[in-house]
Amino acid sequence: MPFPGGLWWLLCCRRGFTLLRRDYGEAEREADGEAEEEEEASFELRAQGDQGSLEVSLSQPTRSSSGSERSLLVAEEMRSLIVEKGPGPVEDDPDALVKGWLQREMRGCMKTPWIRPRKYWFVLTPDSLDYYSSNEKGARRLGSLVLTSLCSVLWPDKQLYKETGYWSVTVFGRKHCYRLYTEHLNEAVRWVCAVQKVIDSKAPVQTPTQLLMRDVEEHRDSPEVLEQIYRCNPILRYTSGPLYAPLLPFPYGSLDQSAPGPRSYTTLRDEAVKLFNSLQQLESERDPVPLMQGILQTCLDLPPLVDEIYCQLVKQTTEPPAPGGQGDLHYWQLLTCMSCTFLPSPPVLRFLRFHLDRTENRFPASEMAKYASFIREALEKTKGRECVPSLEEILVLMQRQEMICTVHCPGVPACSVAISSHTTAEEVAQELVSRLGLSQSPNLFALYEQSRRREQPVGSATLLADVLTRFENLAGEDREQDPPCRLCFKHYGFLDTDNVPRDSLEFALLFEQAHEMVLRGYVPTSEETLQTLAALRLQSLNSDFSTHAPFPRLEELFPRHVLHARLPPPPHRPPSKCRGARLRAGLLAGGLWGQALAKQRAERDQRLRGRLREEGASTMAAIVEKWKLLQGMGRPEAMAAYVALVREWPGFGSTLFDVDLQASPVGSGPQRLWLSIGAKAVSLYKPGEPEPLDSFCYGRISSFGASDSSTFRLSVEDRDLLFETSQVDEIAQLLHTYLASAGAQRLPRPQEPPSSHPSSEPAVLPQGLCPAAGPWQHRPPMGSSHS
């Protein structure tokens, strides 16, 4: 049913008045609200220069407070921050730094293109950013944004200009955010620079918590004064109510959401308040571990919040209603995890240590005193973490105990090592070297992160607690792997493989690593020799042949890529250059023809799998026949024969890396090679070839280092070799290790100037130590030869 004409007229007028009110009336109403809210300045902000007596009560911030007290605080603060302006002409203001017409966003008008943003006359003074209805004499001031050191300003956004045609100037204050717009970039830049200059000129703002921390430090030797400070200032003590403002000052404005990480955050001030709410949930949580890990993760993602959480935990553990109760101990347990993960700033650290001493003196021999003692010792060792503690580590820290780390050793049972949150890979490697009797070996050992897809050494300064956390995260992402990752102790660099006693544990490690190289295809030899090696492996595992002996899988004895090489390659169909042919193929792929192709591929894959099983069965039969010929050979003899066969390859004892040699200007393209790094030389192999293409002793290498994250540069005499690889750091570490072991000197990193007086003492790398990860840039000493 159509509407009557009068009703249509009423609806149109109402819509029109709504738009007018949004464009004009709402502006003045919002400006009045801004003035009132801006004058509701928070009690917790004070200029650094203000020195007032701290004997007054600074209570917990609440939504409802006494009007007289609040007005007194607000009036006193506002007089110190902003100067009242008289009714004189706006353009004649002597304090004006920058003034001009700008458009301000009103209730999302930039998102509604049919409503143009309203222009206002803006004036920037040394204390505030004000805007008026016009630039005429007696114009009404519609709003004012007080500028402090916590304010921030954003530069114009090019993407917004493309969408709206306006350059934006965003100024963040405590209560409000001014989003201003102009059509000219130079004008926007002028305003941004001027506002930022005013912000930089302001004295740092301090909160009552900071002032009280300083006062506590000054009177720490006066127990009576300290008790009065804690009694008169509830902000230092436990509270069961919510926190409406952070304890420390944080800059206003939103966070950069482009930062890496799956979690998104709001402003630091809001996140600080949310974290306090999470802390209060700990009191009643039956399983507080996940919540603790979430709080720690937030602190890792937002480092400025570390000091805030320390202050909140100190507050909640000061004079709680039930000292030593479950809720109180949960706070102490989280404080223990924090002390093993983050190091606070010096002022907060001093305040924290005073709190620990005060707790031990007031509650001696209690659980709280034991946690305080543990935290004090942890703070002496904490240097920073890459990951938050794992769930297992949090459980251990809650009991103030050490973790048990399992390290696998090839050929020997796994070793269990007790570690703390501060134990490094170097310490564990040295302990295993001593425990396994490898202290007299000239070779180098290290810990490795080992998975089915990759193996990489653990840096000497890496905390094993961080490694275990990464393992826990990977296990949660990929539950099909069992286990997804593990720690392994093995050789890192071979300096002498000829004089290793056959009856020693090191020879067993050498044998296992030689077998790993064979399975990965890094020992180029004939298929007959590979079958003999597999038979020797069976003899070392099961002794003489027996039908009842356990048979390992074929891929544990024989390199799988050799079997795949026997299969016929898949048919290669060159791509059609005709656009019409590609279009027809795409249309057919979605219909019956696509189903037929999928069926053909499935049948071809099934035939290839059947062929692969046949090849595997024939290879296993040949290996068993060779195994029968080894009747009577003992395990040590089989291991020695295995190592002797592998040692026939000249590259044995070196570490191989898959690299792509970048083409020279006259070359045809990158070439896939093996980069072999040994104790005496660096060699280049074509994959599968037993002889090297080229070999460089260390005396010919003038320098090496990382050109970028995926390019390794090797300077040999008068030419530079560039290799594309994902293992740039590992290659540089290993080269540095061999040079250090040979007595070469290490140059500073690229950003450091080289020393004009290099030390004459050779660098010595202890056993069990693998160098810390990082970009390396080395230049061996001129005239030295390590070949």
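This report covers the surroundings of Arg385 and a five-stranded sheet in a predicted model.

## Arg385

Helix H12 (367-381) and helix H13 (391-398) are linked by a loop that contains Arg385. The relative accessibility of Arg385 is 10%, so the residue counts as buried, the cut-off for that class being under 20%.

Two polar partners of the Arg385 side chain can be named. With the side chain of Asp466, Arg385 forms a polar contact of 2.7 Å. The backbone oxygen of Cys340 lies 3.3 Å from the side chain of Arg385. Leaving aside residues up to four places away in sequence, Arg385 touches Leu300, Cys340, Thr341, Glu393, Ser421, Leu463, Ala465, Asp466 and Thr469.

## The sheet

The 5 strands form an open sheet with mixed pairing, in the order E11-E10-E14-E12-E13. Strand E11 (412-419) and strand E13 (455-457) each have a single partner strand and stand at the edges, so each has one side without a neighbour in the sheet. On average, neighbouring strands are turned by 40° against each other, direction ignored.

Strand E10 (residues 403-409) and strand E14 (residues 485-493) run parallel and are joined by 2 bridges. Val407 has Leu487 of E14 as its bridge partner.

## Helices packed on the sheet

Helix H16 (residues 505-519) packs on the sheet and touches E10, E11, strand E12 (444-451), E13 and E14. The direction of H16 makes about 105° with that of E14.

Helix H22 (residues 728-741) also packs on the sheet, with contacts to E12, E13 and E14. Between the directions of H22 and E14 the angle is about 40°.

Terms used: Residues are numbered from 1 along each chain as its sequence is written. This is a predicted model: local features need pLDDT of at least 70, side-chain atom pairs count only at pLDDT 80 or more; totals for chains, interfaces and linings use all residues. Side-chain values use heavy atoms; hydrogens and water are left out. Helices (H or I, at least four residues) and strands (E, at least two) are DSSP runs, numbered from the N terminus. Buried means under 20% relative accessible area, exposed over 50%, partly exposed in between (1.4 Å probe, protein chains only). A polar contact is a pair of N or O atoms within 3.5 Å; within protein, one must be able to donate a hydrogen and the other to accept it, and residues adjacent in sequence count only if both atoms are side-chain atoms. Contact means heavy atoms within 4.5 Å. Two strands pair if DSSP finds at least two bridges between them. Axes are lines fitted to C-alpha atoms, for helices over the stretch in contact, and angles run from 0 to 180 degrees between N-to-C directions.
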